[in-house]
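Please examine the sequence and the structure shown below. The report that accompanies them is written for a reader at the bench.

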Amino acid sequence: MSQSLAHKTRISLPLPTPFFEALEPRVLLNADLAISWVQIPTAGEYLQRDKLQAVVAITNNGPDKLVASGTLQVYASLNGTLEKGDDILLGSIHSGGSLNAGETVHDLGIKLTIPTTMNPGIYRLITTVVPSGTITGDDPSNNIAVTPGPIVTLPAVFGKVGNRNNVKLVIFDDVADTSVTLSLTGGATGTLVPNGDLADVVITNSNPASVLTVRTLHNAIVPVQNVAADGSLKTIDAPKVDLKGNMTVVGALGSLTLHDVADGHTLSIGPASSSLVATTIKLNDVAEASLTTQMPIKSLTVANWLDTDATPDVITAPAIASLKSTGDFEAGLTITGGNPAAVSLGSAKITGDLNEATWNINAGRVTTIQVGGAAEEWTLNSAGRINTLTLGSAVDAAITALSVGTMTVTHDITTSTILFTQAAPSPDVPATGVDKLTIRGTADHTTINSRSSIGTVSIGAMAVSSLYADINGPTLPDSADDFASHASIKSMTIAGIKGSLLPAFTGSSIAAWTIKKITLRAVDVAGVPAPFGVAGNSIPSYARSDAADPLKRKFKSLTPAVLPNPASLLIDGNFVIRLIG
């Protein structure tokens with residue numbers, strides 16, 4: 001919040017009894033109106049909305065009788081010079097009557113209030129008299145009286161202040177041209193500390209019941225430099241505050257709401273407490289920032305999270321139940337997890353693109369990862385099973401997971417690697433690396449490997465790519481030693497791309513000890529690199545159509561007993577089917 005302030009509000013207070021009967025403004029000769037202090041409020045610290053009392057005297061220093069009316073005003077001034085556009089009106093009275101030459105009225109009391117338009121600072125008081133009409137001969141220099149020293153010290157504090165609880169602080173930010181109201185409940189004390197052109201929010205004696213709320217007039221956006229709390233907080237609710245620095249909460253934080261977060265800074269949250277077991281975080285646009293929390297995240301919602309500099313943005317947490325970005329997302333994840341059987345990442349939904357980020361899920365299961373756009377240069381390392389993984393497309397992605405229930409790529413996957421690390425419990429009883437894999441577009445220069453069996457696979461097209469179920473080495477197997485276990489593929493379909501006249505299977509390889517059913521459409525038998533094709537010990541059901549010849553060639557059973565040579569059943573151009581005993 002900006003430290004440059006503007007004060008423009010005038011406050012009228014109840015009128016005391018006039019010192020004598022009010023008259024219409026007059027023009028008189030040789031009268032001189034002078035004002036002086038009789039009683040000044042005690043110097044000290046005050047808070048907004050506090051009440052004070054001042055008493056002033058009016059003297060006619062001129063040779064003639066004065067008959068007039070006017071307004072007595074008391075202002076708070078930072079520099080002791082009356083500047084009505086900047087100084088703060090604390091109170092005023094309007095009265096009038098007559099004063100003989102040399103006569104003084106001593107007991108003009110003025111009730112004062114520290115308004116919420118008065119920003120923190122150290123103020124002197126100025127009283128002035130403003131006649132309603134022209135007083136000929138009046139010396140304006142003695143129409144003003146200034147206290148000899150500061151009277152009002154207005155600290156930038158809120159929350160618990162002395163014996164008072166839930167004190168609010170209102171400041172005016174002239175950069176954002178708005179008033180800002182800060183409140184803090186639960187017995188904690190907040191202080192605004194100047195930091196360059198902005199301010200830090202420092203919270204002391206915070207506890208799990210403390211709630212920090214920041215509101216702005218007309219929902220204007222205001223910046224703050226740093227936010228720091230020495231203990232736990234139930235809530236930080238500041239949806240119109242841009243964080244330009246760091247946020248540090250030593251203890252737990254129940255919920256956090258901010259506007260934008262940027263400029264290479266960090267958000268840090270301490271361990272969970274008995275009453276605050278997980279945190280909820282809602283941010284708008286985030287860029288060049290990192291988040292570290294020792295407590296699990298119940299929900300993390302952002303509009304965008306961008307990372308364009310050389311330092312990776314990383315979100316570190318024991319677990320995240322829900323992650324949602326309505327735009328692009330470029331932050332890395334490090335989820336430390338705990339119980340391998342527990343869910344460490346519940347739902348991650350990225351509506352836009354997921355770019356140049358590394359997600360490390362070190363323990364626990366994942367329920368859902370959904371990316372609506374492209375996953376480009378995205379690295380995923382999941383030590384546990386992922387129930388559902390959905391990508392719009394993928395480019396230069398590296399995906400490693402223990403296993404996946406359902407994986408879907410809506411469009412193409414290019415120059416990427418996929419590895420399912422679930423190992424077979426024994427060579428003869430393989431587990432499943434992926435239950436269902438669907439790529440509706442083309443798998444281009446992409447490798448898909450599983451350390452165990454693969455369920456149902458449907459790919460629109462494969463170009464210079466491979467799909468292997470527990471195979472030793474990167475090339476199409478040509479001996480039994482190339483099979484690490486008896487892993488199988490339940491069903492494999494190259495479905496073709498609707499409306500495309502291009503080959504759907506070229507320069508690619510598919511292999512497993514058993515391929516229970518395989519259908520290849522639009523095979524380019526001249527594809528490279530050569531040889532390419534299918535390899536396994538058993539392929540009970542096989543169907544194929546060529547890119548140049550849509551007629552299907554069907555084989556009900558392929559077994560080693562019918563091989564025309566030790567390693568090949570069919571060689572057609574560069575395309576080969578190998579049944580290996």
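The following report covers strand pairing, backbone geometry and salt bridges.

## Basis of the model

The structure described here is a predicted model. Residue numbers run from 1 along each chain as its sequence is written.

## An open antiparallel sheet

Strands of a sheet pair through backbone hydrogen bonds, in either a parallel or an antiparallel sense. One sheet in this model is open and consists of three strands in the order 1-3-6, with antiparallel pairing. Its edges are formed by strand 1 (33-39) and strand 6 (104-113), each of which pairs on one side only. From one strand to the next, the twist averages 35°.

The pairing of strand 1 with strand 3 (residues 51-60) is antiparallel and extends over six bridges. Within this pairing, Ser 36 has Ala 57 of strand 3 as its bridge partner.

## Parallel pairing around strand 24

Strand 24 takes part in parallel pairing with two strands named here. With strand 22 (residues 253-257), strand 24 runs parallel and is joined by three bridges. With strand 27 (residues 297-302), strand 24 also pairs in the parallel sense, over four bridges. Ile 281 appears in both pairings: Ile 281 is the bridge partner of Leu 256, and Leu 300 in strand 27 is the bridge partner of Ile 281.

Which side chains of strand 24 (residues 279-282) are buried? The side chains alternate along the strand: Thr 279 and Ile 281 point to one face and are buried. Thr 280 and Lys 282 point to the other face and are not buried. Ile 281 thus combines a buried side chain with a bridge to Leu 300 of strand 27.

## Cis peptide bonds and positive phi values

Most residues other than glycine have a negative phi, and most peptide bonds are trans. The exceptions described here lie in loops.

Two cis peptide bonds precede proline residues. The bond from Val 528 to Pro 529 is cis, with omega near 5°, and the bond from Ala 530 to Pro 531 is cis, with omega near -10°. Pro 529 is placed in the loop between strand 48 (517-523) and strand 49 (532-536). Pro 531 is likewise placed in the loop between strand 48 and strand 49.

Glu 377, a residue other than glycine, has a positive phi near 55°. Glu 377 lies in the loop between strand 35 (365-376) and strand 36 (379-395). Its relative accessible area is 40%, so Glu 377 is partly exposed. Thr 415 is not a glycine either, yet has a positive phi of about 45°. The loop that holds Thr 415 lies between strand 38 (413-414) and strand 39 (417-420). Thr 415 counts as partly exposed because its relative accessibility is 38%.

## Salt bridges

Side chains of opposite charge can pair when their charged atoms come close. The structure holds five salt bridges, and three of them are described below.

Arg 385 and Asp 435 meet through their side chains in a salt bridge of 2.6 Å, N to O. This pair links distant parts of the chain, with Arg 385 in strand 36 and Asp 435 in strand 40 (residues 432-444), 50 residues apart. Are these two residues buried or partly exposed? Arg 385 has a relative accessibility of 25% and therefore counts as partly exposed. Asp 435, at 36% relative accessibility, also counts as partly exposed.

## A buried network at Arg 544

Arg 544 is part of a network of salt bridges that also links Asp 546 and Asp 572. The side chains of Asp 546 and Arg 544 meet in a salt bridge at 2.6 Å, N to O. In the salt bridge between Arg 544 and Asp 572, the closest N and O atoms are 2.7 Å apart. The latter pair links distant parts of the chain: Arg 544 belongs to strand 50 (residues 541-546) and Asp 572 to strand 52 (residues 570-572), 28 residues apart.

Where do the members of this network stand with respect to burial? Arg 544 is buried because its relative accessible area is 1%, under the 20% limit for burial. Asp 546 is buried as well, with a relative accessible area of 10%. Asp 572 is also buried, as is its partner Arg 544.

Key
Predicted model: local features only at pLDDT ≥ 70, side-chain atom pairs only at ≥ 80, totals over all residues. Heavy atoms only, no water. Pairing = 2+ DSSP bridges. Axes fitted to C-alpha atoms, helices over the stretch in contact; angles between N-to-C directions. Buried < 20%, exposed > 50% of the residue type's maximum accessible area, 1.4 Å probe, protein only. Salt bridge = Lys/Arg side-chain N within 4 Å of Asp/Glu carboxyl O.
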